[in-house]
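Student: I should like a close look at one part of this model, the pairing of charged side chains, and then at what surrounds it. Please keep the account connected.

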Amino acid sequence: MSLLLLQLFNGLSLSSILLLIAIGLSITFGLMNVMNMAHGEFIMIGAYMAYLVQKWFQSYMPASAFGWYFVVSLGVAFVVAFAIGWLLEVLLIRFMYGRPLDSLLATWGVSLALQQIARSIFGAPNVAVKAPQWLEGGLHVTTDLILPYKRLFIIGLVALCIFIIYLYLYHSAGGRRMRAVMQNREMAACLGISTRRVDAQSFAFGSAMAGIAGCALSLLGPIGPTIGTYYIVDAFMVVVLGGIGKLIGTVAGALGIGVFNTALEYTTSATLGKVLVFTLIIAFLQWKPMGLVTIRSRSLD
């Protein structure tokens, strides 16, 4: 029973990380039909923000305040990734609307450039982020089952982010404008909604969510210029499986991939488990090519 609960917890932990990475990509892809291959580099930006805030606290803040550095780094990662995402949308992405292949190539070039910039600033070797004292250790459920505080914190952080995004999308004027543009861009523009502004805000917000994901990933291991490339394929799988532009679909897709991936890797091997997950996703998309949840509207029909 302890082993089963541990595998379920590992699957939930992986699902929460994939969800935090994919949620911004789902909004961007669903709203603007832009395949952002630089999404992984915004994860890298968030991770390095955690590293910089940690160094700043170690140099300029008293030792008693060090435990708060990670909370501050979450806000810094959000703001910096939001600003860079907005700048990227203004300078490049807005000229790629309706051109998915061109956007894929352009953002892939941006990802390579961002990786090289990170190597020039921080160096090629990976760097480590020390977790605060209150995240060390784990919750002892049984003698054989210990749940790390780091992963519990990430699960709680993801749940909080999903709740905030839900409130924004379904209970705010900005969220209603975003959903209107996603469902029928021409009609939304006729009603006076600035689709350009909505696109810029949505792309920047999706980039900021990737920054928070990178900040959370810094708790689990060393970070480097290529940290985002390890997760970008899984993030696209979550978006495609869950359905474009639906929050509940992204949640379901991340949960399914995380749990199945952990279970199959435990019963087989890491490589074979990944192959089996890909195979199951392909078979499912043959049955439901639009994913688990789809947007229903006259314009899309």
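Which residue meets the side chain of Asp 199 in a salt bridge, and at what N to O distance?

Tutor: The partner of Asp 199 is Arg 185, with an N to O distance of 2.8 Å. The model is predicted, with local features requiring pLDDT of at least 70 and side-chain atom pairs pLDDT 80 or more, while totals for chains, interfaces and linings use all residues. Numbering runs from 1 along each chain as its sequence is written, and side-chain values use heavy atoms, leaving out hydrogens and water.

A salt bridge here is a side-chain nitrogen of Lys or Arg within 4 Å of a carboxyl oxygen of Asp or Glu. This pair links distant parts of the chain: Arg 185 belongs to helix α7 (residues 185-190) and Asp 199 to helix α8 (residues 195-217), 14 residues apart. Helices are DSSP runs of H or I, at least four residues long, and strands are runs of E, at least two, numbered from the N terminus. Asp 199 counts as buried because its relative accessible area is 1%, whereas Arg 185, at 25%, is partly exposed. (Buried means under 20%, exposed over 50% and partly exposed in between, with a 1.4 Å probe and protein chains only.)

The structure holds 2 salt bridges. Glu 89 and Arg 94 also meet in a salt bridge, at 3.3 Å from N to O. Glu 89 is buried, at 0% relative accessible area, and Arg 94 is partly exposed, at 22%.

From charged pairs one may turn to the nonpolar interior. The largest nonpolar core has 77 residues, of which Leu 20, Met 209, Ile 223 and Ile 257 touch the most other members. Such a core joins buried Ala, Val, Leu, Ile, Met, Phe, Trp, Tyr and Cys residues through side-chain atoms within 4.5 Å. Setting aside residues up to four places away in sequence, Ile 257 touches Leu 18, Met 237, Val 238, Leu 241, Val 277 and Ile 281, where contact means heavy atoms within 4.5 Å.

Val 277 recurs in the surroundings of Leu 264, a residue of helix α10 (residues 247-267). Leu 264 is buried, with a relative accessible area of 18%. Beyond its neighbours within four places in sequence, Leu 264 contacts Ser 269, Gly 273, Leu 276, Val 277 and Leu 280. The C-alpha atoms of Leu 264 and Val 277 lie 7.8 Å apart, although 13 residues separate the two in sequence.

The segment 271-287 is 100% helix and 0% strand, with its end C-alpha atoms 25 Å apart. Residues 203-223 are 71% helix and 0% strand, and their end C-alpha atoms lie 24 Å apart. The unreviewed UniProt entry lists these two spans among its "transmembrane region" features; UniProt positions follow the numbering used here, feature names are shortened, and annotations may be inferred rather than shown by experiment.

Helix α2 (residues 39-60) offers a check on geometry: its 22 residues should span 32 Å at 1.5 Å a residue, and its end C-alpha atoms are 32 Å apart, which agrees. The expected span is 1.5 Å times one less than the number of residues. Helix α2 is mostly covered, with 16 of its 22 residues buried.
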